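Q: Please explain how the descriptive terms for the model below are justified, setting each value against its criterion.

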Amino acid sequence: MTADSKGRYSSGSQSSLLSRAYKHHLFWPLALWIALLLFNLFYSPSFFKVVVREGHLYGSLIDILNFGAPLMLVAIGMTTVIATRGIDLSVGSVVAIAGALACQMISKGSDQNALSLVLYAIVMALVLSVALGLWNGLLVSITGIQPIIATLILMVAGRGIAQLITDGQIITVSSTPYQYIGAGSLAGLPFSIFLVAIVFAISALLTRRTALGLYIESVGCNPEASRLAGIRAKTVMIIVYMFCGLCAGVAGLILSGNVASADGNNAGLWIELDAILAVVIGGTSLTGGRFYLTGTIVGALMIQTLTTTIYSVGVRPEVTLVVKAVVVLAVCLIQSESFRKAIISRWKTRRYPAEREVTRHA
Amino acid sequence: MKRRTKMWGLLTLTLLMLVATACGKSDDKKTSGSASDISLGFAQVGAESGWRTANTNSIKDSAAEAGFDLKFSDAQQKQENQIKAIRTFIQQKVDVIAFSPVVESGWDTVLKEAKDAGIPVILTDRAVDSKDESLYVTFIGSDFVEEGKKAGQWLADQYKDASADVNIVELQGTTGSAPAIDRKAGFEDAIKGNSHLKIIASQTGDFTRAKGKEVMQAFLKANPKIDVLYAHNDDMALGAIQAIEAAGLKPGIDIKIISVDAVHDGVQAASEGKINFIVECNPLLGPQLMDAVRDVVAGKTLEKRIVTKEGTFTSEEAKAALPDRKY
Amino acid sequence: MAQQSVTEPVLKLTGIHKRFPGVRALSGVDFRLFPGEVHALMGENGAGKSTLIKVLTGVYSIDEGMVEMEGKRLVVHSPQEAQAAGISTVYQEVNLCPNLSVAENIYIGREPRRFGRIQWKEMNRRASQLLEERLHLRVDVTLPLSEYPVAIQQLVAIARAIDIQARVLILDEPTSSLDRGEVARLFEVVRKLRGEGMAILFVTHFIDQVYEISDRITILRGGELIAEYKASELPRLELVSRMIGKELTMLDELPKTAGETRASDTQSAIVAASGLGRKGAIEPFNLSIGRGEVVGLAGLLGSGRTELARLLYGADRADQGKLQVEGAGKGGVHSPRSAIDAGLAFCPENRKTEGIIEDLTVRENIVVALQATRGWFKTISRKRQNEIADEYIRTLNIHPPNPEQLVKNLSGGNQQKVILGRWLLTQPKLLILDEPTRGIDIGAKAEIQRLVLTLSREEGMSVLYVSSELEEVLRVSDRIAVLRDRVKVEEIDKDEMDEQRIMKAIAGGEGA
């Protein structure tokens, strides 16, 4: 085909930087996030004010990073699961369980501030989280239950497990090292954000520098073709669910550390939905395949920005969820290529109907 | 191949359910151990706070003491669970049903079913908004409007000589719940006499610490001058205290804090001066409930409204009361 | 047919343009279709046949040009709209709902209703009647469609088209997975419909079939219209050379029986199966494949060809017998992964669902198998991946030559080449090809056949070649194993190989 080389030529070097940026998968998530931030700038200029207070940075943007950290973590794990055509509804429960176990262990200790105790509790909580991820992974890959059902089991049962661990109580801890995970600051920034950075870096390294990313995308695109190409699809699935469990576990530690207490009922409630939304906003398709970790981070930040915006703008609590839903709907519509095309073609046909007819008959 | 895996899935599910129901059964047996002719079905909201746990324990303990056969169900804060539990109680033909409604509305159908089955219903702690008062025998619990009024009254007294505006932020309970609506209404009613007292921001904190902290942080960024925080429960106040401290302010001094409930952690914060005033919301209504149950079964008529005895704590009083606070 | 020249075309396309990012799929194509004719649309892979059909059925919008149906301008946005306008399509992979019943598939969306409730009995009765009277097909219409072979499923799809009174019927590679008897039956139905005035657009790669049934032929190449001919006035050789755009010599270059020149060493078997079998798939069989040998598998559709290949590769697990693979690990070959480790490679029959990983790029599709054998951490560097991709794009002549193109945007033949590239990269000892040339144009077909011969002759690679085209199997194989009804019935050596002999083995019964 002679047109080929020509076509490629035009899409390659002729296109300007702007149209290349426009085509990048991060363009819409970033643009929408920036739009949301600009709205805040317009609404309350102090939104962007960051000051140093008691040795750490202080301001709405820092809050977004800090409170958004658990969501970002969960969403990173969710991204890898969704990339394999799966979904993990149980992350909220795992968040609650991890926090509950860690707080329970610390509150039983004689010296809650002992670093060894805290580390031990953290390790145990994370081990349990990974084990719960393994359970999900086994259900999905070995027994072949659909992911949405398989993880629904733990989503429902997990709250019960968290309650069992805490005995139905809110467990309060007074452990400085544990609180540091959720509320401490390092080099002026919330410590939790460093955890996000570490997990993000590790997952990016594992998926982009090793072959794991190719395996995940391949399995997500076409599990059977991947199996025939020699990829151990089941192993890949188990790994991503375990990783998702781990991410949820870390998120649970941050959430419970932030308020120095574990709440089996409410910790991480509905976080799975926000996480799925973040993944989708970030450009990863729910049908699996290509995934975008950076996009997910932007998506999570956008959701947290929206939440914080709603609090600071003073939306009445009765309509908070409606406002959130409307913004999310708008975001999804703007991101949808076919919707954009429909709008544009509408607009075009309205403008040039006569002209088109003329060329046709000519 | 595919069919077999599906079968496996089904099997796993069934097994899980079996385990779950088995657990439930063993629970029932524990409570039905004591010999008694009166059976009481109680549908609790959940275990969302220390207050609720104390409430649950009080009911369980006093039922055991009275020798009642208590069937206890935890709705995990979902109305549909609670309706399901009440229907189960009706099927089990318990003598009396008592419950703390998760939300105010939507109870008419299931309460009618209980009435048709001839089972009296007692509401505890939270009311329902049903127009048909015959659907329940009595409502035992705190008067949330009164609680709000007490909180507002204290604030009005504190600032009765204020010449400048006092900026108040409010952390509401779960949107739509009776305590959130009433505590807000009572508070607003009590402070409306003083035009300097102004609520500048009000947002739900879902009665949880995490939300309380998150919302308070946003309040602090959006409003440069906050004088008073009114939280609908202690947990949200405790979360907000962390936010205030993170902002480099002193809770109780830079921002006065009023809260409702008086659970142990709250009283402790009050004793440390971080909460200035707590209105008690007494969870120990077990004995009063058991008395009412006994009276209903005996055929006595009850007052439509039984109010629990409640006090208030300032920081000083909190210090004295702290050692006795069990919940 | 005589009446064509006087009647107006039922469907008329003028100046159709369609572009995709980086590809011009159609440029200025005209096409017309008359009532009561079978019109063959011919072209190599990437010629624009599929795109043209997708334009007609509302899957794609057109950038320029006009579609007219019965003199009126037609704009369809979806297959549903196309169907409502009277254009029905039957695909190679049938696009009906496999788990609904035959009757439901015919009447879906148009169920006979009474008081809002579906009249199931009435629907089943009508479906049976329709199939029997119009297509002479007697089946239980209450069974799920998936219970029936593809041939029946296609007839059901045609029945649906008849019932909605479609005026245009598009048959997109309908015969690719049918055996001879089924093709004959399909053609019988097609002729009947033609006689009733239906306009039929027929897309296929089988030249014999084109001449058997078509009245008119339109040839596309590279997204452009080459010409429209009356079938009776276009010699075969000219058709082929018009399609590939050069004089046809390629196929003749291949020796008819390539046996003599080959340095096959049958002594050392790469793979030896003894009593290998799987219930419901294939009866126990013995088969050994030597180094550098090309073994053909012949047999009708459903005779167990694919099942045999999958057992050898470990894609399905055998439930009896033994499989020895030279160089296999301790556990033997029990999964695709262990097969690859032992030096096996497998191009599955079903390219779309089992071969390509469609949302990944050409580069990723090529390196995926090699990377899978290397594990997570021994990553093939991006630079090396690019080199590999470029190399295979060049040697296999993959079009468009862009390693970052998504594989789903390639034509069928080029997708097949990508999969071949994937396996050649792993340097297998045995390459299992299951219908490698299905749905592929002549040019690519010859390329693939030649590649097989080169690999076995020059590199000593063994090949198991599965094909439903006898001619093809004969051309490439040193030895042919014949399957019938899930049993391996015969093995024919190269000196005895001829079409007659194999046909007899396939037909069985009254042999010799």
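A: This is a predicted model. Helices are DSSP runs of H or I with at least four residues, and strands are E runs of at least two. Chain A has 17 helices and 6 strands.

Q: What makes chain A as compact as a globular protein of 362 residues?
A: The globule rule multiplies 2.2 Å by the number of residues to the power 0.38. For 362 residues the rule gives 21 Å, and the radius of gyration of chain A is 23 Å, close to that value, so chain A is as compact as a globular protein of that length. The C-alpha trace of chain A spans about 90 × 55 × 35 Å along its principal axes.

Q: What share of chain A counts as buried?
A: A residue is buried when its relative accessible area is under 20%. In chain A, 53% of the 362 residues count as buried. The accessible surface of the chain comes to about 15800 Å², and carbon and sulfur atoms hold 69% of this area.

Q: Why is Cys103(A) called buried?
A: The relative accessible area of Cys103(A) is 0%, and the cut-off is under 20%, so Cys103(A) is buried. Cys244(A) is buried on the same ground, because its relative accessible area is also 0%.

Q: How many disulfides are there over all chains?
A: A disulfide requires two cysteine sulfur atoms within 2.5 Å. By this rule the count over all chains is 0. Cys103(A) is in no disulfide, as the nearest cysteine sulfur, that of Cys247(A), is 20 Å away.

Q: Why is Cys244(A) not bonded to Cys247(A)?
A: The sulfur of Cys247(A) is the closest cysteine sulfur to that of Cys244(A), at 6.4 Å. The limit is 2.5 Å, so the separation is too far for a bond.

Q: Which residues of helix H9 of chain B are buried, and what covers them?
A: In H9(B), residues 264–271, the buried residues are Gly266(B), Val267(B), Ala269(B), Ala270(B) and Ser271(B). Their cover includes helix H8 (234–246), strand S10 (277–280) and helix H11 (315–321) of chain B. Just after H9(B), Gly273(B) takes a positive phi of about 85°.

Q: How do you know which chains are in contact, and which pair shares the most contacts?
A: Contact means heavy atoms within 4.5 Å. There are 2 pairs of chains in contact, and chains A and C share the most contacts. No contact joins chain B and chain C, and their closest C-alpha atoms lie 11 Å apart.

Terms used. Residues are numbered from 1 along each chain as its sequence is written. Chains are lettered from A and ligands numbered from 1 in the order in which they are written. This is a predicted model: local features need pLDDT of at least 70, side-chain atom pairs count only at pLDDT 80 or more; totals for chains, interfaces and linings use all residues. Side-chain values use heavy atoms; hydrogens and water are left out. Buried means under 20% relative accessible area, exposed over 50%, partly exposed in between (1.4 Å probe, protein chains only). Accessible areas come from the Shrake-Rupley method with a 1.4 Å probe; for residues, only the protein chains shown count as cover.
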